[in-house]
Amino acid sequence: MASSKKAKQYQRYLCRYGEEFPCLGPSRVSEFKAHCSICGADFVISHAGRGDCVKHVNSAKHCKAVADVQKIPKLTSFSSFSQDFSVINAEVLFTSFVVEHNLPFAVADHMGPLLRKMFPNNPVAKDFHCGQTNTKSIVQTLARDTEKEITEAMISGPYSLATDGSSDMDDVKLYPLGVRYFDNSKGGVSTVLLCMPECRESTAAQIFQLLDEELTKSNISWNNCLSFGADNANVMQGLKTGLASHLLKVNPNMYIVGCACHLLHLAAEKAESELPIHVEETLIDIYYYLDKSSKRKAVLRDFQCLHNTEVRKILKHVSTRWLSLKTCIDRILMLWPALTDFFNSELQQGGKKKPTAQKRKGSGDPPVMKKCLKTGQSQTTVNATSAQKRKGSGDPPVMKKCLKTGQSQTTVNATSKPKSATGGAKKPLLTQSAHPKSSCAEKRTGTSSS
């Protein structure tokens, strides 16, 4: 009876080989081999397993490869990472400063030379090169990271949205999308600007499509949206054809809220109508009373110093920017004691002063000036009126023609021509000798009258 032979077993690669020898790893050729990252070769471990690994590590080929690797300079020797990180940190901080204070990117071109002049011995200032191009790249990188953090928070938790269209200055309107969510890193609620897409047709369907595309692009679900805020226009709040109707279709549990600022402003405006004065008109009158007069501003400044009040300017209220109303009212209330004394002094000075013409009234002025003071007309108008009244009262023909045509005497004399120069037949003059009857009649008339 023939004896059966046992099947031969081969050792496979185990993970503990790599833990004991970091340079070893599994081979892509076979599971019965190991790969050496230093030598770049595969060797068989199917017979002894760990013994084959020890044999390879102690071989002359492997030891020579290790010596060669140690002679290669490391990447850190080509550059000082601590110094480079300091420069990068300075450039990122400067870019954040530019964004925070809304400065133009053109400032970045002058920042590097300025720092080198201010700190000539500072190594960070010497290597600081953050111009417009570098600043824009850093802003885009930081924006992508921030957007990724916001979208991850919106995907995993609840959030609220708000938007409003920009003014109609062009055929394209901007719809900034504001997001309110809970930030785990800060431990509180944060309000940020997610994006600012463009829309050419400001209809409810187009606005909803615009918002849906932005959320779908980031894999954000409408089910996590708790509320949506917008102004009180029909295109936003309409429950039949407005944007609210489209939002309630995708999430019936969403709460649609109008602009609280608009609602409060309408309520305050209704209450203001019951006051004895019009608040907005009063603010505008006070501003324009002081706007163009440096003397009045100086007097008001003196009253502010007298009342130990901080010297501040009167703010201008614009009805289209109705949110400025509260700020203007707060400023007026802050300066109220100084303003009260200022306008009281203006009233007292206005009551004491009289027009200069009124002071001279009746003090031996000529008749023309007295008539000017009486009628409130100018001297030229009074002279012209007097000339019209004198028309026909014995004035010569030239003066009558001047009053009739409104031309000067020189012009009338220049346009008048002698009758003999007209070229027509000259009418013979009648003399007393040619008409004896008329002369006798005149004599008799004169005799009888005498």
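These exercises, each with a worked solution, deal with contacts and exposure in a predicted model.

**Exercise 1. Ring pairs near the start of the chain**

Find how many aromatic pairs the structure holds. Then classify the pair formed by Tyr 10 and Phe 32.

Solution.
- Step 1. The count is eight aromatic pairs.
- Step 2. Take the rings of Tyr 10 and Phe 32. Their centres are 6.2 Å apart, and their planes stand at 70°. The cut-off for pairing is 6.5 Å between centres, and planes over 60 degrees apart count as edge-to-face. The pair is therefore edge-to-face.
- Step 3. Place both residues. Tyr 10 sits in the segment before α1 (15–20), while Phe 32 sits in the loop between β1 (24–26) and β2 (33–36). The pair therefore ties together parts that are 22 residues apart in sequence.
- Step 4. Check exposure. Tyr 10 has a relative accessible area of 42%, so this residue is partly exposed. Phe 32 is also partly exposed, with 26%.

**Exercise 2. A second ring pair and its surroundings**

Classify the ring pair of Tyr 289 and Phe 342. Say which of these residues is buried and which is partly exposed.

Solution.
- Step 1. The ring centres of Tyr 289 and Phe 342 lie 6.4 Å apart, with planes at 70°, so this pair is edge-to-face.
- Step 2. Tyr 289 belongs to helix α12 (residues 279–291) and Phe 342 to helix α15 (residues 336–352). The pair links distant parts of the chain, 53 residues apart.
- Step 3. Phe 342 has 0% relative accessibility and counts as buried. Tyr 289 is partly exposed, at 26%.
- Step 4. Extend the picture. Ring pairs join Tyr 289, Phe 342 and Phe 343 into a cluster.
- Step 5. Look for a charge. Arg 296 lies over the face of Tyr 289, 3.9 Å from the ring centre.

**Exercise 3. Salt bridges**

State how many salt bridges there are. Then work through three of them: Glu 31 with Arg 12, Glu 214 with Lys 217, and Lys 292 with Asp 291.

Solution.
- Step 1. Start from the principle. Side chains of opposite charge can pair when their charged atoms come close.
- Step 2. The total is seven salt bridges. The cut-off is a nitrogen to oxygen distance within 4 Å.
- Step 3. Glu 31 and Arg 12 meet at 3.2 Å, N to O. Glu 31 is in the loop between β1 and β2, and Arg 12 is in the segment before α1, so this bridge ties together parts 19 residues apart in sequence. Glu 31 is partly exposed, at 44% relative accessibility. Arg 12 is partly exposed, at 44% as well.
- Step 4. For Glu 214 and Lys 217, the closest N and O atoms are 3.3 Å apart. Both residues are in helix α8 (residues 204–217), three residues apart, so about one helical turn separates them. Glu 214 is buried, at 17%, whereas Lys 217 is exposed, at 58%.
- Step 5. For Lys 292 and Asp 291, the closest N and O atoms are 3.9 Å apart. Lys 292 is exposed, with a relative accessible area of 77%.

**Exercise 4. Cysteines**

Explain why Cys 63 and Cys 39 form no disulfide. Give the disulfide count.

Solution.
- Step 1. The closest cysteine sulfur to that of Cys 63 belongs to Cys 39. The distance is 8.8 Å.
- Step 2. A disulfide needs sulfur atoms within 2.5 Å. The two sulfurs are therefore too far apart for a bond.
- Step 3. The count is zero disulfides.
- Step 4. Add exposure. Cys 63 is partly exposed, at 41% relative accessibility. Cys 305 is partly exposed too, at 47%.

**Exercise 5. A surface patch and a loop residue**

Describe the patch formed by Phe 97, Leu 103 and Val 107. Then locate Thr 241.

Solution.
- Step 1. Phe 97, Leu 103 and Val 107 make up a nonpolar patch on the surface. Together they have about 220 Å² of accessible area.
- Step 2. Phe 97 lies in helix α4 (residues 81–100). This residue is partly exposed, with 41% relative accessible area.
- Step 3. Thr 241 is in the loop between α9 (234–237) and α10 (243–250). Its relative accessibility is 67%, so Thr 241 counts as exposed.
- Step 4. Compare sequence and space. Thr 241 and Ala 205 are 36 residues apart in sequence, and their C-alpha atoms are 8.4 Å apart.

Note on methods
Residues numbered from 1 in each chain as written. Predicted model: local features only at pLDDT ≥ 70, side-chain atom pairs only at ≥ 80, totals over all residues. Heavy atoms only, no water. Patch = residues over 30% accessible without salt bridge, like charges linked within 9 Å, V, L, I, M, F, W, Y side chains within 5 Å. Areas by Shrake-Rupley, 256 points an atom, 1.4 Å probe, with all protein chains shown as cover. Salt bridge = Lys/Arg side-chain N within 4 Å of Asp/Glu carboxyl O. Helix = DSSP H or I, 4+ residues; strand = E, 2+ residues; numbered from the N terminus. Buried < 20%, exposed > 50% of the residue type's maximum accessible area, 1.4 Å probe, protein only. Phe/Tyr/Trp six-rings, centres within 6.5 Å; stacked < 30°, edge-to-face > 60°. Lys NZ or Arg CZ within 6 Å of the ring centre and 35° of its normal.
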